[in-house]
Structure formats: structure tokens, C-alpha cells
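Here's a quick briefing to read alongside the structure. Have the sequence and the 3D view open as you go.

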Amino acid sequence: MFNFTRIVFLICIFQFSSYLFALERALNDDEILITTDMSSADVQLEIDEADDNAIILFDIGEYSLNISVSSLMTLKGIDTENVKLSSLDGTAIISALNKGNVTIQNLSFDDSALAIKSEGSNVTIQNNIFTVGVGNTAIELDNLSTIEITNNTFHTIGEAVSVTDNESSPIIKNNIFAEFDSPDTLFNLVINSNLANNCFDQAVSNYSDLGASQVSSDLGFASSQPLEDYDFHLNVDSDCKDRGENNSDLDGTQTDIGAFGGQQTDIYPQAVKNITDPDIINDDGSLASVQIGWDLSNDYRVGGYKIYYDTEKMFGANPYRDRTLLDFDSVNADTSTKLIENLTSDISQLPTPDAPTLLTVLPEDKKLKITWTKKDNAVSYTLHYRAGDNGVEQNVALGNVSEYELTGLSNGQEYFVWLTALNKLQYHFQVIPYLSINQETNQSEALFSSEDITLDIGSVESSASSTLSATPEAIVAYPQLPNEGCFIATAAFGFYSHSQVQVLRDFRDDYLLTHPLGRSFVTWYYDKGPIAAEFIREHDYLKPLVRVLLFPLILLAKFLSLNMMIWLGIGCFGGLIYYYKRKRWSKKYSSKGLSEC
Amino acid sequence: MLKLLLVVFLVSISLDCVADANSQKPHRTLEFFGEVYEPTDEKWETYYGSRNMLAASMSSAFRFFNVFDLGISVSYAKDRGKGVLPLSQLSAGDVTYEVAPVELFLLLRARFSSRQWVVPYAGGGYTRLFYRQTIDDEGYARGSVNGIHARAGVQFLLDPLDQFAANTIYENFGVINSYLVFEGKYTKAEAGNPVTQLGGLSYKAGIMVEY
């Protein structure tokens with residue numbers, strides 16, 4: 001017994017050690033992982049305590065920061081387009097101080113007055129995206145900075161690079177500049193000869209020597225949707241593709257211009273957009289075929305797509321999860337649909353859930369609040385209800401929840417409510433693009449994935465829960481005080497929550513306040529009504545008379561509250577009466593030799 | 001306690017009456033209060049969770065004959081609670097109750113010297129009580145009713161605690177005296193059918209300045 005316990009203990013220790021070892025191996029020796037739950041001060045502390053040559057690695061997510069770097073180190077994002085930095089207090093997001101030898105790469109800098117301020121020597125800024133906003137500055141250089149700005153994408157900016165003294169000499173190569181305010185303000189005090197192999201979306205004639213740069217109104221981004229949905233990867237026809245300095249792209253070709261060219265680019269395409277709801281093409285009761293579609297990526301590096309599927313949720317809780325154990329089919333880059341065959345569709349083995357226990361049905365104003373207990377094996381619930389004993393049954397499909405607010409009901413009407421629980425055979429799908437440069441490993445797949453697409457193949461339903469009933473009614477506040485709205489009716493009927501006053505109040509809310517003329521009337525009435533109401537309150541004998549006078553208005557309000565079918569019925573009935581009257585009138589006068597007119 | 005206050009009051013009058021002969025007489029007062037407002041209605045706690053609610057008020061008055069203050073006061077109190085379904089008598093929905101009494105008052109202050117440490121006072125007047133009940137996602141009822149109120153309190157002169165500060169405030173703002181004030185107030189105001197008592201007791205503490 002003792003030995004067995006000791007063996008189990010040793011196995012546990014071994015497993016835990018293996019986990020720690022794997023975790024440590026995921027980060028290189030000098031890498032420090034920054035996550036979105038860390039504050040700007042936390043990040044600064046990590047930077048201050050890091051050794052020389054450390055790599056500060058930003059996890060996927062959005063950060064609001066102001067940090068300064070004074071050691072030799074690299075600040076790097078895991079996935080360029082999905083690591084977004086903005087300024088916490090309006091000053092520079094990253095300040096590289098005078099010690100120098102800092103590399104900033106694979107990061108996206110969003111709306112900020114200033115993204116990077118450099119005061120040091122040997123600063124490298126590469127493979128970043130700058131979308132700092134109109135009138136704002138991407139990079140500012142002070143105090144004899146020597147800096148290399150290569151393979152970045154600048155989009156929607158004021159100044160790209162601003163040099164505050166003539167002795168700084170930035171090298172600006174292989175960058176894309178698009179949607180900038182003006183060529184006059186794009187570069188400030190930058191020496192022309194240091195500009196080479198850049199792409200611009202408008203002419204920059206005031207820089208005489210641009211060194212083999214490209215000017216094109218369409219720079220060929222993979223997606224040019226509104227800025228928040230841009231995909232700054234390049235399409236196959238882009239003028240910035242294979243136009244950079246050196247043959248240093250990962251595929252061995254000439255370097256692409258922009259944030260996704262060169263040796264230091266990340267290798268992750270952007271997630272697929274618009275995955276369509278899957279269709280069941282064939283289902284024989286035991287196996288089914290399902291077709292799924294998506295929008296093709298315009299990123300020219302995408303070599304194909306992997307379609308992952310499982311009966312359990314895959315990516316909802318963790319869009320970056322390890323995918324090595326998941327089933328998938330592959331298609332090539334120009335295919336936007338896939339038929340997935342031989343999916344199990346036999347629901348005979350699916351356990352039927354117990355009937356849910358309906359706990360409460362609480363009435364409120366025109367709604368019911370319903371709660372119940374969840375049951376094992378239930379993945380969703382159906383709420384059934386009907387108005388009165390003889391009403392038509394209606395159903396509401398719900399997710400795996402234990403409460404629901406049933407709205408749009410009529411006050412004063414009793415509703416009967418019951419529930420059934422459903423167990424479903426579901427498949428979850430996800431489409432992930434991968435790069436052609438390295439399609440054999442998961443490393444080249446898009447890191448990020450959106451929510452799974454879910455398809456119900458079949459379901460089994462529980463028996464019904466017990467039935468409860470409740471009657472919605474208008475809530476009144478305590479103490480019940482008179483309102484100076486609906487003044488006359490309140491005075492005539494005596495109190496605020498009288499049902500006839502409520503009819504007029506509903507008429508005001510549902511009809512009068514929905515168009516300008518009605519609103520004007522309500523404004524006028526709120527001004528004059530209290531005077532008449534006060535007079536009625538002081539003269540009791542007037543109250544019955546006012547109630548009689550209000551009766552046609554209440555009747556009209558009630559009629560207008562009827563639904564369209566009843567209106568159609570009234571219209572048809574009126575039409576029939578008119579038709580028969582007209583027929584009788586014609587007979588009567590034609591026999592006397594009179595014309596109809 | 002009352003005896004002690006009375007003794008302090010009489011001593012402070014006797015010591016200061018002669019010295020005050022040439023002092024400047026204030027003609028206006030301004031008061032700021034924080035208060036605990038406790039409605040008379042006994043069911044209040046059932047629907048709003050506690051017997052009382054926090055309130056704030058300010059008042060301004062004109063002084064005549066050196067002992068009478070005629071002024072106006074505005075208060076505001078707010079509470080959150082539950083509503084009720086009239087048929088089923090179940091508690092439901094969320095309700096915000098706001099009340100803002102506007103008061104015209106006449107006070108008699110037993111103040112015989114500008115250096116009198118303790119000044120008791122009492123008075124009362126007319127109340128116009130404005131209310132608003134907001135039921136979340138449903139609407140609101142608002143209105144106002146007439147009422148009356150009575151108030152009494154004690155004010156303690158603050159100037160001797162820091163005469164230099166008192167002089168500075170006088171030079172910069174014209175404030176002749178500052179007081180710490182404790183007050184109790186009873187309001188009676190009825191509304192609705194059946195009649196509901198909206199008034200109640202207020203326990204107030206604040207600052208008063210004379211200028």
C-alpha cells in the first residue's frame with residue numbers, strides 16, 4: 001500500500017515537472033511574456049528588471065501603455081495585426097531612451113498622438129503597422145538618433161517620421177505609406193538619400209530621390225474594408241510585392257514591401273471572414289455530409305485552408321487553442337467551399353434529458369420572468385406558452401440557460417408556461433487559413449480564430465415540465481402617487497393606475513409619441529392639462545361627466561391597440577355591409593326608374 | 001444635556017453682550033446641510049430596504065430684527081427600491097423615488113451677540129414637496145403637493161476655533177460668522193388617494209455662514 005502511494009506520488013511529481021518544463025520551453029531563455037491583464041506599470045516593471053538582450057514578447061490582444069526602454073532589448077508582438085498598442089496618457093507609447101540598441105517589431109500601433117519616440121542610437125523599427133490617426137506622428141527622433149525603419153506599414157497618419165535635429169539620419173526602406181495627411185508633412189527633416197524601396201499611395205514629389213520607390217493609388221492590401229477590418233497583407237497583384245531591397249523573404253523571393261516582408265515578418269495570415277452556416281447535403285440517419293463555405297483570403301501567401309470540426313466546442317472559449325488533436329480537412333487556396341463527409345448523424349444513442357424543473361414565473365409589466373433548473377445532457381431548452389386556457393401554443397428556442405424574460409405580452413392576460421429540454425448532436429466547424437511557405441506545421445496557420453460555426457444534426461427532447469401560470473401587469477411604485485401626466489383622466493377616474501387611465505397612457509406611448517404631431521399634442525397637453533385636472537379634482541360632480549366624455553377616446557385608443565388582423569376583419573365586415581346596402585339601394589330606385597346618381 | 005446647553009448658552013450671552021456693542025450685524029445667512037431623511041410611512045422599509053435615505057439641502061435667508069430669519073430652502077433626496085404588482089401584490093421591478101421639498105420658513109434664533117458660542121433656534125413654514133417615481137423600463141409619475149414643516153436646532157460658533165481664518169474669510173468674502181449647525185425637521189405633506197404621508201423627520205448637520 002505504501003509503495004503504491006509512493007509510486008502515484010512520484011508519477012504526479014513527474015507529470016507536474018513535465019508541464020513546467022514544457023511551459024518553460026515555450027518561452028526562450030531570455031523571453032518575457034507580456035499579457036493583456038498586465039497594467040502599463042506592470043509592463044514597465046518587467047522591462048526595467050529584464051537583462052540585456054531580453055525579448056519582451058507581447059501576447060495577442062489590445063494594450064493601453066506608455067513604456068520606456070533604456071536597456072538593450074527587443075519588443076516584439078506574437079502576431080503583428082493582433083497585438084494592438086495605444087497610448088494610455090496621450091504621450092509616446094514606446095520611448096527608446098539614450099542607451100540605444102533597441103528593436104521594436106511585429107506590433108500594431110493604433111490611435112495615438114505619438115507611437116514611438118527614440119532618443120537612442122541603433123534603434124531598429126521593423127515589421128510594424130502604424131495606424132496612429134490623422135494629424136498624429138508615428139515615429140519621432142531626438143538627439144542624434146541613428147535608426148533603421150524597415151518593412152513597416154504606415155496607414156492613416158499625419159507624420160511618418162519626424163526628426164527634431166538635422167544630425168539624426170534615419171534609414172527608411174521597404175515601408176508602405178498610405179492614407180497620410182500630406183506629402184509635405186510625411187517626413188520632417190529626413191535626408192532624401194536615406195529613402196529607398198518604399199511604396200506610396202500618392203505622389204511625394206518634394207522628395208527628389210526616393211530610391212526605386214513605388215507610387216500606386218491601389219497598393220494591393222489583402223482587404224480594404226473600414227480601417228478596423230483592414231488586412232495589411234498583400235494580394236498577388238500588389239505593386240509592393242517583391243519590390244523591396246534584398247532577396248530576404250521567407251519564400252526566398254525578393255523582399256515584399258510593408259509589414260509582412262523580410263526575415264522578421266510573422267508567419268500568420270489573418271483569420272477567415274464570413275464563414276457561412278453549414279448545410280446538410282445528405283443524411284441517411286447514420287452518416288451525414290455537410291457543406292461549409294467562407295470568403296477567400298486575398299493574402300497571396302495563403303496556401304490553403306484547414307476545416308476543423310468536432311462534436312465539442314473548439315474555439316469559443318480559447319481562440320488560440322492547440323489544434324493538433326482536432327479532426328480537419330484541407331483545401332487549397334482558391335477553394336471557398338468544402339463538403340465534409342461521413343459525419344456521424346445517428347441520434348439513437350443520444351441520452352434523453354430529464355424534464356426541466358420550472359421554478360418561478362414572475363409577472364412584470366407586459367412580461368414574465370421565468371427560471372428553471374438545468375438538467376444533465378440538456379444543451380438547449382424550448383419554452384412553450386399560451387395565452388389563457390384556449391390560446392395557441394407558441395415556442396421559443398433557448399440556449400443552455402436557466403432563466404428567460406418572455407416579453408411582448410398583454411397586461412391582464414393569464415399565460416401558461418412550460419419547458420422541454422433538448423439534447424442535440426451538434427458539429428462545430430472552423431476554417432483556418434495557412435501559409436504556403438510552411439503548410440506542414442501548425443506554426444503557419446492563422447493564430448486567431450473567431451467563434452465556432454455550429455450545426456445541429458439531430459436532437460432528442462425531454463418530456464414537458466410542470467406548467468405554471470402568471471398574469472403580467474403594470475408595476476406601480478410605492479407609495480402610489482398621482483401623476484401629473486394623463487392629468488384629466490387621473491383626476492376623473494381617481495387614481496393613477498386605473499385600467500382606463502392605463503389605456504390612455506399606452507395610447508400616448510405607443511401612438512402619440514411615435515410621430516411629431518402626436519409629440520406636439522403631448523407637449524401642449526402637459527402644459528395645459530394640470531389646470532383642468534385641478535379644476536376637476538376640486539369639483540367632484542364633474543368627474544362622472546368627464547368619464548363619459550373620455551369614453552369615446554378610450555374606445556378609440558383600445559381600437560387602435562388591436563392588431564392588424566382584427567383591423568382587416570373590421571374592414572371586410574364594413575365592406576360587406578356597404579356592398580349589401582348599395583345593392584338594396586340600387587334595386588329600390590331602379591324599380592322606380594331613378595338612376596343611381 | 002439640555003441643562004448643560006442652557007448653561008453654556010446663558011454664559012456665552014452674559015460674557016459677550018457688552019463686547020458686542022460695536023460689532024457688525026449680519027443681514028443674510030446661507031446654510032448647507034447633509035441630512036438623513038426618514039419618511040413617516042411605516043411601509044417604507046418594505047419597499048426601499050431601509051427606514052431612511054440620504055439627502056442634501058441648502059437655504060438662504062434674510063435676517064431682520066437681528067433674531068428672525070425669513071428664507072427659502074431646497075432639499076433633494078433619492079432612494080432605490082422595488083415596485084409592486086397591484087393584482088398579485090408581488091414585489092417587482094426597480095423604482096427610483098426622488099423628492100425635492102422647497103420650503104419658505106421663518107426662524108427665531110436666540111442670538112444676542114455676534115460672539116455667542118451657542119445659538120438655539122426654532123421655526124417652521126410652508127412646504128411645496130415635488131416628487132418623481134421612476135419605474136425602470138415603464139415610465140414615471142411626478143407631481144407636487146402642499147405641506148408644512150417645523151424645524152429646530154442648535155448652532156455652534158466656529159470663529160473662536162481659528163480666529164485668523166475667520167478674519168481672512170471676512171476680509172475675502174464678507175462672512176461675519178460661521179457656525180456648525182445640528183437640526184431636526186419634521187415635514188407633513190400628504191398626497192394620493194388613498195392618502196399617503198410623504199413627509200417625515202430629517203436629521204441634519206451642516207455649516208451656516210452669516211454675512
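Buried area here is the accessible area (1.4 Å probe) that two parts lose on being put together, summed over both. By that yardstick, chain A and chain B bury about 2,300 Å² between them, with carbon and sulfur atoms accounting for 57% of it. One caveat up front: this is a predicted model, where local features need pLDDT of at least 70, side-chain atom pairs count only at pLDDT 80 or more, and totals for chains, interfaces and linings use all residues. Residues are numbered from 1 along each chain as its sequence is written, chains are lettered from A in the order in which they are written, and side-chain values use heavy atoms, leaving out hydrogens and water.

**The interface**
- Counting contact as heavy atoms within 4.5 Å, 20 residues of chain A meet 31 residues of chain B.
- Ile475(A), Tyr478(A) and Leu481(A) supply 33% of the area that chain A buries against chain B, more than any other three residues.
- There are 0 salt bridges across the interface of chain A and chain B (side-chain nitrogen of Lys or Arg within 4 Å of a carboxyl oxygen of Asp or Glu).

**Backbone oddities**
- Tyr478(A) turns up again in a cis peptide bond with Pro479(A), with omega at about -10°.
- Pro479(A) sits in the loop between strand E37 (468-470) and helix H4 (487-493) of chain A; helices (H or I, at least four residues) and strands (E, at least two) are DSSP runs, numbered from the N terminus.
- Thr156(A) has a positive phi, near 60°, despite being a residue other than glycine.
- Thr156(A) belongs to strand E15 (residues 153-157) of chain A.
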